[in-house]
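Have the chain open in your viewer and follow along from one contact to the next. We will go by side chains, then finish on a helix.

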Amino acid sequence: AVPVKCDALNRKEMRMHYALRLNDTTVVAEGYREMTLDMRREDTIRFACVVPAKALWSAKSPTMLRLDLESRIDNRIVECVSRKVGLREQKLRNGKLYINNELVSPNLAEWEAVKSLAEAKKYGYDGIVITLDRGADKIIEECAERGLYVVVRTPIDTTLLGDHIRRGGNPSNDPMWNESYLWRNIHTLHSTKSNCAVIGYAIAKGKTSGINIYDTYLLLKQLSPNHLVIYEGAEGEWATDKH
């Protein structure tokens with residue numbers, strides 16, 4: 001899916017050419033789609049193609065493809081974009097995670113606890129949990145190229161704000177913070193969901209659960225049902241996929 005925006009003041013007909021390449025040379029799929037955009041309109045072009053199994057991404061086989069996009073108006077090239085992408089199928093079935101129809105049980109390390117991605121692999125980890133803060137995007141991209149799974153944590157940390165959830169207690173159960181929990185987790189989801197290494201999301205860092213955790217869990221499962229959604233402070237309650 002490719003978002004397209006027209007800044008012109010009049011109607012424009014455009015053609016988007018695409019090509020997926022393996023090892024920068026072998027063409028896996030190619031074609032084009034046409035679209036008409038009204039004045040300053042934004043829309044999405046969607047492509048569908050068959051990808052062979054050898055071109056699918058997983059931690060065992062971190063195959064990256066190159067996606068080349070070229071937009072044309074009146075047969076003139078307007079913009080060219082090229083980026084690396086990984087394609088894989090992810091499903092949750094009865095609480096179990098499947099990547100490309102193969103059962104996986106990720107062994108995840110906290111990013112703060114390892115010095116590098118190479119060290120994480122050295123000690124037998126096949127993934128990390130990382131908070132979405134400054135610099136996290138580059139680390140997540142490197143995980144895709146190295147073959148490491150990623151669970152992205154929304155930057156909310158209530159570990160120092162007490163364990164009780166009654167009035168005046170931890171923000172995880174304070175309705176005043178409900179919108180903030182939801183908005184921040186939606187931002188985390190939409191800003192990272194296109195990366196093949198991202199298999200799930202951690203709602204926050206904390207020791208207690210509450211209405212904000214429950215509401216966020218339900219929303220994330222509605223928006224992306226096949227991603228893992230976890231919360232370390234759930235303590236066996238239903239607001240997490242991983243116990």
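What follows is a short tour of ring pairs, charges and one helix. Keep in mind that this is a predicted model.

Start with the aromatic rings. How many aromatic pairs does the structure hold? There are two. Tyr18 and Phe47 form one of them, and that pair is tilted. The ring centres are 4.2 Å apart, with 40 degrees between the planes. A tilted pair is one whose planes are neither under 30 degrees apart, which would be stacked, nor over 60, which would be edge-to-face. Tyr18 sits in strand β2, residues 12-22. Phe47 sits in the loop between β4 (42-45) and β5 (65-73). The two residues are 29 apart, so the pair links distant parts of the chain. Is Tyr18 buried or exposed? Tyr18 counts as buried, because its relative accessibility is 12% and the cut-off for buried is under 20%. Phe47 has a relative accessible area of 22%, so Phe47 is partly exposed.

The other pair joins Trp57 and Tyr149. Here the geometry is edge-to-face. The centres are 5.9 Å apart and the planes meet at 75 degrees. Trp57 lies in the loop between β4 and β5, while Tyr149 belongs to strand β12, residues 149-153. The two are 92 residues apart in sequence, so this pair ties together separate parts of the chain. Both Trp57 and Tyr149 are buried.

Rings also meet charges. Arg15 lies over the face of Tyr32, 4.0 Å from the ring centre. Arg93 does likewise with Tyr98: its charged end sits over the ring, 4.6 Å from the centre.

Arg15 turns up again around Ser71. Ser71 lies in strand β5. Its relative accessibility is 9%, so Ser71 counts as buried. Which residues touch Ser71, leaving aside neighbours within four places in sequence? They are Met14, Arg15 and Met16, together with Arg76, Ile77, Val78 and Glu79.

Now turn to the salt bridges. The structure holds 13 of them. One joins the side chains of Asp24 and Arg66, at 3.4 Å from N to O. This pair links distant parts of the chain, 42 residues apart. Asp24 is in the loop between β2 and β3 (26-37), and Arg66 is in strand β5. Asp24 counts as partly exposed, because its relative accessibility is 47%. Arg66 is also partly exposed, at 25%. Asp24 and Arg66 do not stand alone: with Arg21 and Asp68 they are linked in a network of salt bridges.

A further bridge runs between Glu145 and Lys84. Their closest N and O atoms are 3.8 Å apart. Glu145 lies in helix α2 (residues 136-146) and Lys84 in strand β6 (residues 76-85). With their places 61 residues apart in sequence, the pair therefore ties the helix to the strand. Glu145 is partly exposed at 45% relative accessibility. Lys84 counts as exposed, because its value is 53%.

Helix α2 also holds a bridge of its own, between Glu142 and Arg146. The closest N and O atoms are 2.7 Å apart. Why can two side chains of one helix meet like this? An α-helix has 3.6 residues a turn, so residues three or four places apart point the same way. Glu142 and Arg146 are four residues apart, about one turn of the helix. Glu142 is partly exposed, with a relative accessible area of 35%. Arg146 is partly exposed too, at 37%.

Finish with helix α3, residues 178-192. Its 15 residues reach 22 Å from the first C-alpha to the last, close to the expected 21 Å. Which residues of α3 are buried? They are Asn178, Tyr181, Asn185, Thr188, Leu189 and Thr192. Seen down the axis, these buried residues fall within an arc of 105 degrees, so they line one face of the helix. On the other side of α3, Glu179 and Trp183 are exposed. What covers the buried residues? The cover includes helix α2 and strand β12, as well as β13 (198-202) and α4 (211-223).

Technical notes:
Residues numbered from 1 in each chain as written. Predicted model: local features only at pLDDT ≥ 70, side-chain atom pairs only at ≥ 80, totals over all residues. Heavy atoms only, no water. Phe/Tyr/Trp six-rings, centres within 6.5 Å; stacked < 30°, edge-to-face > 60°. Buried < 20%, exposed > 50% of the residue type's maximum accessible area, 1.4 Å probe, protein only. Lys NZ or Arg CZ within 6 Å of the ring centre and 35° of its normal. Contact = heavy atoms within 4.5 Å. Salt bridge = Lys/Arg side-chain N within 4 Å of Asp/Glu carboxyl O. Expected span 1.5 Å × (residues − 1). Arc of directions from axis to C-beta.
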